Amino acid sequence: MGLDLFSDVAELTAALVDIESVSGGEGPLADAVEEALRALPHLAVERSGNNVVARTELGRGERVVLAGHLDTVPLNGNLPSRVDGDRLYGCGTTDMKSGVAVALRLAATVPEPNRDVSYVFYECEEIEAERNGLRKLAAERPELLAGDFAVLMEPTGGQIEGGCQGTMRVEVTARGERAHSARAWMGSNAIHSAGRILDVLRAYEPPRPVVDGLEYREGLNAVFISGGVAGNVIPDECVVTVNYRFAPDKSVAEAEAYLRELFAGFEVTVTDAASAARPGLTHPAAAAFVEASGAEVRAKLGWTDVARFAELGVPAVNYGPGEPTLAHTRDEYVELPLIAECEQRMRTWLAGRTNVAP
Ligand SMILES: [Zn+2]
């Protein structure tokens, strides 16, 4: 049974939820999405793996991207979906098949949007980054993700979350010299020296940089500490693993330089890093989105796939009808009126009118 993109957005969300799509098993859902989109003559549809991209080709002066992942976390006795009052319960309702349903409805019912639109549905967002469908598209078919502005329809409770903070993990190593603890003066205690690393962390006051009008809040925290040789040995090494969350006014290289300066005198090794993303709200397409949506705008403090768009030079925000705190929970649900509101706001932006088309 195929998907009916002309059905009510609540019914469409339920239909999407009822096609199980735990990460790695998105095939049947990607098939259904592809089939439904190929039936629409105004869209150019491409499939790569379990990623489906549909684009209008109207030659408009701007192109925007609406994106959402098709996969969910593993089931927890929460399929099939069920409606209770104004709520739709089930795995993937909030994260993020309600957002996917809104995008599919717009793809079907706004054949001549006021700006060209690329609809991107992708696989494997909930698992390791190597398999992420958006990452693969960015690497293999970046032209399919090109645009002036992107909206990732992850759950945000109907608020716009701009950009995202970057993250970097470093190992900060204090060195010493081993000795018998009965003759400690013959060595140098690396764990004691690491106290100065902790002093730096304790004294750190998180900056709150304002980027494109949004206030971010940085973070610098020890997340692991290791050291010690034996119960009677002065330790010669102590490693403090530090996680730095930085605002999008810094690149990965600048974040690294900042940490090296902060921990001058210690060995600093970067073990993991992901860049931040600017919200790009100054772009006219983004400003029009904020105005049409009427939604509140705040900074995104976690790391999300919007950073993958930023790496391609496409400013991006998160905006979706789901409630983020319910994501990945057994009792995950979405408020049906919020899906309808999200669809109406997006329609206002893309179709320039508020009445719902067919
Ligand atoms: Zn998600």
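This passage goes through the overall make-up of the chain, then its helix packing, and then a few individual residues.

The model is a predicted one. Its chain holds 10 helices and 19 strands, and the C-alpha trace stretches over about 85 × 45 × 40 Å along the principal axes. Of the 358 residues in the chain, 51% are buried. As for how the chain folds back on itself, contacts between residues at least 6 apart in sequence are the ones to look at, and 77% of these join residues at least 24 apart.

Helices 1, 3 and 10 turn up together in the packing. Two packed helices are described by the angle between their axes and the distance between the axes. For helix 1 (residues 9-17) and helix 3, the angle is about 125° and the axes are 9 Å apart. With angles of 65 to 115 degrees counting as roughly perpendicular and those over 145 as roughly antiparallel, helix 1 and helix 3 are therefore oblique to each other. Their crossing is right-handed. On the helix 1 side, the contact is made by V9, L12, T13, L16 and V17, which meet T93, K97, S98, V100, A101, V102, L104 and R105 of helix 3. Sorted by class, that contact between helix 1 and helix 3 comes to eight nonpolar, three polar and two charged residues.

Helix 1 also packs on helix 10, here at an angle of about 110° and again with the axes 9 Å apart. That angle makes helix 1 roughly perpendicular to helix 10. The two cross in a right-handed way. V9, A10 and T13 are the helix 1 residues involved, and they meet L336, I339, A340 and E343 in helix 10. In terms of class, the contact of helix 1 with helix 10 has five nonpolar residues, one polar and one charged.

The remaining pair is helix 3 (residues 93-109) with helix 10 (residues 336-351), whose axes lie 10 Å apart at an angle of about 40°. That makes helix 3 oblique to helix 10. Helix 3 goes past helix 10 in a right-handed crossing. From helix 3 come S98, V102, R105, L106 and T109, while helix 10 supplies I339, C342, E343, M346, R347 and L350. The class tally for this contact of helix 3 with helix 10 is six nonpolar, two polar and three charged residues. Some residues serve in two of these contacts. S98, V102 and R105 in helix 3 meet helix 1 and also helix 10, and I339 and E343 in helix 10 meet helix 1 as well as helix 3.

Two other helices show a clear split between a buried and an exposed side. In helix 8 (residues 284-293), the buried residues are A285, A286, F289 and S293. They span an arc of only 100° around the axis, which places them on the same side of helix 8. P284 and E291, on the other side of helix 8, are exposed. The cover over the buried residues of helix 8 includes strand 3 (63-69), strand 7 (149-152), strand 8 (160-162), strand 18 (316-318) and helix 10. Right after helix 8, G294 adopts a positive phi of about 65°.

Helix 4 (residues 133-140) follows a similar scheme, with G133, L134, L137 and A138 buried. Their arc around the axis is only 140°, which puts them on the same side of helix 4. A139 and E140 are exposed on the face of helix 4 turned away from that buried side. Packed against the buried residues of helix 4 are strand 1 (44-48), strand 2 (51-55), strand 6 (116-122) and helix 9 (306-311).

Two single residues round off the picture. T173 belongs to strand 9 (residues 166-175), and at 8% relative accessibility it counts as buried. Apart from residues up to four places away in sequence, T173 touches E237, C238, V239, F266 and E267. N114 sits in the loop between helix 3 and strand 6. With a relative accessibility of 37%, N114 counts as partly exposed. Beyond its neighbours within four places in sequence, N114 is in contact with R60, W349, L350, A351 and G352. One of these, L350, is among the helix 10 residues that meet helix 3. N114 is also 8.7 Å from E62, C-alpha to C-alpha, although the two are 52 residues apart in sequence.

How values were computed: Residues are numbered from 1 along each chain as its sequence is written. This is a predicted model: local features need pLDDT of at least 70, side-chain atom pairs count only at pLDDT 80 or more; totals for chains, interfaces and linings use all residues. Side-chain values use heavy atoms; hydrogens and water are left out. Axes are lines fitted to C-alpha atoms, for helices over the stretch in contact, and angles run from 0 to 180 degrees between N-to-C directions. Helices (H or I, at least four residues) and strands (E, at least two) are DSSP runs, numbered from the N terminus. Angles under 35 degrees count as roughly parallel, over 145 as roughly antiparallel, 65 to 115 as roughly perpendicular and the rest as oblique. A crossing is left-handed if the near helix is turned anticlockwise from the far one by less than a right angle, and right-handed if clockwise. Contact means heavy atoms within 4.5 Å. Ala, Val, Leu, Ile, Met, Phe, Trp, Tyr, Cys and Pro count as nonpolar, Asp, Glu, Lys and Arg as charged, and the others, Gly among them, as polar. Buried means under 20% relative accessible area, exposed over 50%, partly exposed in between (1.4 Å probe, protein chains only). The arc is that of the directions from the helix axis to the C-beta atoms.
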